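Subject: Structure handover

Hello,

Here is the structure you were waiting for. My notes on it follow below.

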Amino acid sequence: LFDLDGTLLDYSAACRSALDESLSELGLEASGSIREDLLAFLGSGPVQAIEACRPGAPATSDPSLRSIFPLRGSTECSVFLDAFFKALSRQHGLIDGAVETLEAVRPGRRLAAVSNGLGPVQRMRLMNAGLMQYFDALVISCEIGVAKPDPAIFDAALKLLSASKESAVMVGDGAASDMAGA
């Protein structure tokens, strides 16, 4: 089982590029501390909960989310997040060694990608990165209604692979989501 963001796909670079793209698309400028505030907002618990479709995640129009949105008065939070997630779907930079790792482990094994994310975003990123060919299964939190670290997302991947927990290995970068859940 492979995590995507931070393990195979460069999520940090993707966020920065998607932020720049979405700001440009919306005709907004943000430099210096405002840009850093926006990156912190995108990495915040509430936005990450939206992106992973975690139970109880706020709506993009939720007042609590709007209150921490750095561009209040310039654009609506929901409009910004919609533009950001669309731009994120176009970002597909790889972590160094991702393809080589998949090529090395692929022979004789069935692989699944297990990701917290929006289905269309993650599928587009994987396809554009040329990684779909390596996976026998793709399990995305927003498509199955369960996010890492909930063991159910790993169980879903194992079921699709017809594999047991004892025969599986999880490769990921997050101690709290990938390793704890696995």
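How many salt bridges does the count come to? The count comes to ten. Please keep in mind that this is a predicted model. The notes start with some of these pairs, then turn to the cores, one helix, the surface and a few backbone points.

Salt bridges

Asp20 and Arg35 meet through their side chains, with 3.0 Å from N to O. Asp20 belongs to helix α1 and Arg35 to helix α2, so this salt bridge ties together parts that are 15 residues apart in sequence. The two partners fall into separate classes of accessibility: Asp20 is partly exposed at 38%, while Arg35, at 17%, is buried. Arg35 is put in that class because its relative accessible area is under the 20% cut-off.

Glu143 and Arg123 form another salt bridge, and their closest N and O atoms are 2.8 Å apart. Here the link runs between helix α8 (residues 141-144), which holds Glu143, and helix α7 (residues 119-129), which holds Arg123; the partners are 20 residues apart. Glu143 has 39% relative accessibility and counts as partly exposed. Arg123 is also partly exposed, at 32%.

For Lys165 and Asp155 the N to O distance is 3.7 Å. Lys165 sits in the loop between α9 and α10 (175-181) and Asp155 in helix α9, so the salt bridge connects parts ten residues apart in sequence. Lys165 is exposed, with 57% relative accessibility, whereas Asp155 is partly exposed with 35%. Separately, Asp3, Lys148 and Asp178 are joined into one network by salt bridges that share partners.

Nonpolar cores

The largest nonpolar core is made of 25 residues, and Phe41, Phe80, Leu81 and Phe85 have the most contacts inside it. Two or more residues each come from α1 (11-25), α2 (33-42), α3 (45-52) and α5 (77-88). Helix α5 gives the largest share, seven residues. As for Leu81, its contacts beyond four places in sequence are Phe41, Leu42, Val47, Ile50, Thr60 and Leu65.

There is also a second, separate core, with 15 residues. Phe2, Ala113, Leu126 and Phe135 are among them.

Helix α9

Which residues of α9 are buried? They are Ile153, Phe154, Ala157, Leu158 and Leu161. Viewed down the helix axis, these buried residues fall within an arc of 140°, so they line one face of α9. In general, an α-helix has 3.6 residues a turn, so residues three or four places apart point the same way. The cover over the buried residues of α9 includes β1 (112-115), β2 (137-140), α8 and α10.

Leu160 is also in helix α9, which spans residues 151-161. Is Leu160 buried or partly exposed? Leu160 is partly exposed, at a relative accessible area of 49%. This value puts Leu160 in the partly exposed class because exposed begins over 50%. Leaving aside residues up to four places away in sequence, Leu160 touches Arg110, Ala137 and Val139. The C-alpha atom of Leu160 is 8.3 Å from that of Ala112, a residue 48 places away along the chain.

Surface patch

Met124, Met127 and Met132 make a nonpolar surface patch of about 260 Å². Of these, Met127 is in helix α7.

Backbone points

The peptide bond from Lys148 to Pro149 is cis, and its omega is near 20°. Pro149 is in the loop between α8 and α9. Lys148 is the residue named above in the network with Asp3 and Asp178.

Where does Cys53 lie? Cys53 is in the loop between α3 and α4 (63-66). Its phi is near 60°, which is a positive value in a residue other than glycine. Cys53 is partly exposed, with 32% relative accessible area.

Ser162 also has a positive phi, near 55°, and is a residue other than glycine. Ser162 lies in the loop between α9 and α10. With a relative accessible area of 68%, Ser162 is exposed.

Regards

Conventions. Residues are numbered from 1 along each chain as its sequence is written. This is a predicted model: local features need pLDDT of at least 70, side-chain atom pairs count only at pLDDT 80 or more; totals for chains, interfaces and linings use all residues. Side-chain values use heavy atoms; hydrogens and water are left out. Helices (H or I, at least four residues) and strands (E, at least two) are DSSP runs, numbered from the N terminus. Buried means under 20% relative accessible area, exposed over 50%, partly exposed in between (1.4 Å probe, protein chains only). Contact means heavy atoms within 4.5 Å. A nonpolar core is a set of buried Ala, Val, Leu, Ile, Met, Phe, Trp, Tyr and Cys residues joined through side-chain atoms within 4.5 Å. A salt bridge is a side-chain nitrogen of Lys or Arg within 4 Å of a carboxyl oxygen of Asp or Glu. Patches are made of residues with over 30% relative accessible area and no salt bridge: like charges are joined within 9 Å, nonpolar side chains (Val, Leu, Ile, Met, Phe, Trp, Tyr) within 5 Å. Accessible areas come from the Shrake-Rupley method with a 1.4 Å probe; for residues, only the protein chains shown count as cover. The arc is that of the directions from the helix axis to the C-beta atoms.
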